Amino acid sequence: MSLTQNIAEYRYGIRNNLAQFSHQLVQVFFVGLTIGMFRTVVPALAETEFGVAKGSFMMLMAFVTAFGFVKGTLNFVAGRLSERIGRKKVLFIGWLAAVPIPFMILYAPSWGWIVAATVLLGVNQGLAWSMTQTSKLDLTSADQRGLTIGLNEFSGYFGVAVAGIITGYLATAFGPREGLMIFGLVVVSLAGLLTLLWVKDTLPWAHAEGKKHAAGLMTGPTPRYPTNISAQPGTWEVFTLMSWRDRRLAAISQAGLVEKFVDALVWVFFPVYLYQHGLSLAGIGWVVGVYGFVWGISQFVTGHWSDRIGRKKPIIWGMWLCGAGVALVLMGEGELWWSFAAAVMGFGMALLYPTLSAAVSDIAHPNWRGSAIGIYRFWRDLGYGIGALLLGAVAALAGGIEAGFWFTAAAMFISGLIVLLACEETHPRLNPAAD
């Protein structure tokens, strides 16, 4: 079979691969449900249920710190590993890692068990979420990357929001530990089974695309791929390119890291702040759920929008709007006001989040795209750990969690400014490589 015939077997675009694309959307929804079960009940009841002393900000942040460092590292591993053993196997290993989590929550005698369960959650998220995103990018065409990432993150964060609300009610009905165990067991079992039955490996699509580039068979504008990298680069070569050797990719990576400060804040300090101000678990679930719903649903639009207007503007606007939403939390009182602030934060996230990943995929060659996405996601999710440490330290020094909100808002503004000054437009149609 000739090279042209071999390449022609693989068709790209959402419509051409709708069945597999849909299976991957279901998978990332389950990934979102898995992390979502830690978002409402666990932080709100850290003191009463799991024995965290009042005012122990660093202890409270310990489980998010562990999650961030583990997930970041596993994103890095997932990208490289998937280029060797395939996307499907890495996805299934991610689900296997999640099996003990519901039981650890049920039987946890101390907060240390919750931290340990969050380590396994980091493994699950690093492997599984990375693979759902990478697989969709393998299947799609260049002019649908923003839409693809938007749909992926819409489905995942819709799952996060749904889980936050459902677990709030289950905790009230069955008790916090029992409610989380029932929810987690159902989600993880279903996801693993569906992976085995319906998910196909998409690595052959990536290989075929790389051969198409090499054979000069690609049509449309040429992306501005970095030139200071090998055709088949090693791990360190891609890591240094993403981290500092390419200003565009370095600016994107730092923005990804800093925006996770917001998610660390929403994960831990936001529920605690609301609980301290008298909101019920169900009420906290709804306010935090607004953040997740607006973020998730809006990405359906914002990702596709970046395919039209470019990546740079939505990233900058999103960083600044999200930071403004964080500051708004402290400027008013009541469930309606906090829901509004959460919606502003969520829409800012929807502008920046899928667009950052799409920007990486714009200028990452298919030969090393899986690694590039993994390394970007390494830096991004390291932001959970670094953000949690900084937020815990700031709150401890200031004597209250309010300082963490102001710190996060300032960090988002500065990070957006770095993107404005250091990053050019990455969309190949709007800023193609010179002939």
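## Overall build

With 435 residues, a compact globule would come out with a radius of gyration near 22 Å, and this protein has 21 Å, so the two agree. Keep in mind that this is a predicted model. Measured out along the principal axes, the C-alpha atoms fill a box of roughly 65 × 45 × 35 Å.

As for secondary structure, we get 17 helices and zero strands. Of the contacts with a separation of 6 or more, 85% join residues that sit 24 or more positions apart.

## Surface, burial and charge

Buried residues account for 62% of the 435 in the protein. The accessible surface adds up to about 15,600 Å², and carbon and sulfur atoms own 69% of that.

On the charge side, there are 29 positive and 23 negative charges. Take the mean position of each set, and the two points end up 7 Å apart.

## Helix α7: N124 and T118

Helix α7 covers residues 111-139, and N124 is part of it. Is N124 buried or exposed? The relative accessible area of N124 is 0%, so this residue counts as buried. Its side chain has a polar atom 3.1 Å from the backbone oxygen of G94. G94 also turns up in the wider contact list of N124, which runs to T34, G94, W95, A97, A98 and W129 once residues up to four places away in sequence are set aside.

T118 sits in helix α7 too, and with a relative accessible area of 0% it is buried. Which backbone oxygen lies 2.6 Å from a polar atom of the T118 side chain? That one belongs to I114. Skipping neighbours within four places in sequence, T118 is in contact with three phenylalanines: F38, F63 and F67. A98, one of the residues that N124 touches, is 20 residues from T118 in sequence and 9.7 Å away in space, C-alpha to C-alpha.

## Helix α2: Q24

Over in helix α2, which takes in residues 18-36, we find Q24. Its relative accessible area is 1%, so Q24 is buried.

What does Q24 touch, if residues up to four places away in sequence are not counted? The list is M131, T132, S135, K136, V199 and K200. Since helix α7 spans residues 111-139, M131, T132, S135 and K136 tie Q24 to that helix.

## Helix α13: V288 and G289

Helix α13 spans residues 281-309 and holds V288, with G289 in that helix as well. V288 has 10% relative accessibility and therefore counts as buried, the cut-off being under 20%. G289 comes in at 2%, so it is buried too.

Their contacts can be listed one by one, again without neighbours up to four places away in sequence. V288 touches V266, F270, P271 and L274. G289 is in contact with A161 and I284.

Two C-alpha distances give a sense of where this pair sits. V288 and A434 are 146 residues apart along the chain, and their C-alpha atoms are separated by 46 Å. For G289 and P233, the gap along the chain is 56 residues and the C-alpha separation is 41 Å.

Methods. Residues numbered from 1 in each chain as written. Predicted model: local features only at pLDDT ≥ 70, side-chain atom pairs only at ≥ 80, totals over all residues. Heavy atoms only, no water. Helix = DSSP H or I, 4+ residues; strand = E, 2+ residues; numbered from the N terminus. Rg over C-alpha atoms; globule rule 2.2 N^0.38 Å. Buried < 20%, exposed > 50% of the residue type's maximum accessible area, 1.4 Å probe, protein only. Contact = heavy atoms within 4.5 Å. Areas by Shrake-Rupley, 256 points an atom, 1.4 Å probe, with all protein chains shown as cover. Lys, Arg positive; Asp, Glu negative; His and termini not counted. Charge placed at Lys NZ, Arg CZ, Asp CG, Glu CD. Polar contact = N/O pair within 3.5 Å; in protein donor to acceptor, adjacent residues only side chain to side chain.
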